[in-house]
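Here is a walk through one protein model, taken helix by helix and contact by contact. Keep the viewer open while you read.

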Amino acid sequence: AVVSTQSTGTCLRYFLFETLCDYKYTDRMVLNRVISGGLTGIIVQTCLYPIEMAKTRVMSDERGLGPISTLWDAWKNGNIWRGLVPATIGVVPFAAIELGLSKNLTDF
């Protein structure tokens, strides 16, 4: 499960980054790519966070209710989105630097 989520996130990250790089946010190419990297981080984190949270809940369930009941409880209580904002704030600078600067260094 870890490999499939990470490879999905990687594919989604690079696809979105290349797509967002086509838009012109500023006149500076370097800043444009950094902004595209940050936006990519926000989108990917928002898409994959519930999947990661659900996976963690199912793996750490001590009540023995099974995956469906565990996920239903998390969905009912709204816990599936808990922690998304701090995680997104943490991933934006990382994605901006990783994607934006690696693209600039590749073209250098």
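**Helices, salt bridges and cysteines**

Start at Lys76, which lies in helix H3. The model is a predicted one. Helix H3 covers residues 67-77. Is Lys76 buried or exposed? Its relative accessibility is 53%, and exposed means over 50%, so Lys76 counts as exposed. Now look from Lys76 to Ser7. The two are 69 residues apart in sequence. In space, their C-alpha atoms are 29 Å apart.

Lys76 also has a charged partner. Its side chain meets that of Asp73 in a salt bridge, with an N to O distance of 3.9 Å. The cut-off for such a pair is within 4 Å. Where do the two residues sit relative to each other? Both are in helix H3, 3 residues apart, so about one helical turn separates Lys76 and Asp73.

Stay in H3 for two other residues. Trp75 has its place in this helix. At 55% relative accessibility, Trp75 counts as exposed. Compare its position with that of Pro50, which is 25 residues away along the chain. The C-alpha atoms of Trp75 and Pro50 are separated by 9.8 Å. Ser69 lies in helix H3 too. Its relative accessible area is 33%, which means that Ser69 is partly exposed. Thr26 is 43 residues from Ser69 along the chain. Between the C-alpha atoms of Ser69 and Thr26 the separation is 48 Å.

Next, see how H3 meets helix H2. The two pack at an angle of about 125°. Their axes are 9 Å apart. How are H2 and H3 oriented to each other? The angle is over 115 degrees but not over 145, so H2 and H3 are oblique to each other. The crossing of H2 and H3 is right-handed.

H2 itself runs over residues 29-59. Within this helix, Lys55 and Glu52 form a salt bridge. The closest N and O atoms of that pair are 3.2 Å apart. Lys55 and Glu52 are 3 residues apart, about one turn of the helix. What about their accessibility? Lys55 is at 18% relative accessibility, under the 20% limit, and therefore counts as buried. Glu52 is at 28%, and so counts as partly exposed. How many salt bridges does the model have? The count comes to 2 salt bridges.

H2 also packs against helix H4, which spans residues 84-107. Here the angle is about 140°, and the axes are 7 Å apart. That angle makes H2 oblique to H4. The crossing of H2 and H4 is right-handed. Which kinds of residue make up this contact? It divides into 13 nonpolar, 9 polar and 3 charged residues.

Gly100 is a residue to select in H4. Its relative accessible area is 0%, so Gly100 is buried. Met29 is 71 residues from Gly100 along the chain. Yet the C-alpha atoms of Gly100 and Met29 are separated by 9.7 Å.

Finish with the cysteines. A disulfide is a covalent bond between the sulfur atoms of two cysteines. How many disulfides are there in this model? The count comes to 0. Take Cys11. It is in no disulfide. The nearest cysteine sulfur is that of Cys47, 14 Å away. The cut-off for a disulfide is within 2.5 Å. Cys11 has 55% relative accessibility, so this residue counts as exposed.

Why does Cys21 have no bond to Cys11? The sulfur of Cys11 is the closest cysteine sulfur to that of Cys21, but the two are 17 Å apart, too far for a bond. Is Cys21 buried or exposed? With a relative accessible area of 18%, Cys21 is buried.

Technical notes
Residues are numbered from 1 along each chain as its sequence is written. This is a predicted model: local features need pLDDT of at least 70, side-chain atom pairs count only at pLDDT 80 or more; totals for chains, interfaces and linings use all residues. Side-chain values use heavy atoms; hydrogens and water are left out. Axes are lines fitted to C-alpha atoms, for helices over the stretch in contact, and angles run from 0 to 180 degrees between N-to-C directions. Helices (H or I, at least four residues) and strands (E, at least two) are DSSP runs, numbered from the N terminus. Angles under 35 degrees count as roughly parallel, over 145 as roughly antiparallel, 65 to 115 as roughly perpendicular and the rest as oblique. A crossing is left-handed if the near helix is turned anticlockwise from the far one by less than a right angle, and right-handed if clockwise. Ala, Val, Leu, Ile, Met, Phe, Trp, Tyr, Cys and Pro count as nonpolar, Asp, Glu, Lys and Arg as charged, and the others, Gly among them, as polar. Buried means under 20% relative accessible area, exposed over 50%, partly exposed in between (1.4 Å probe, protein chains only).
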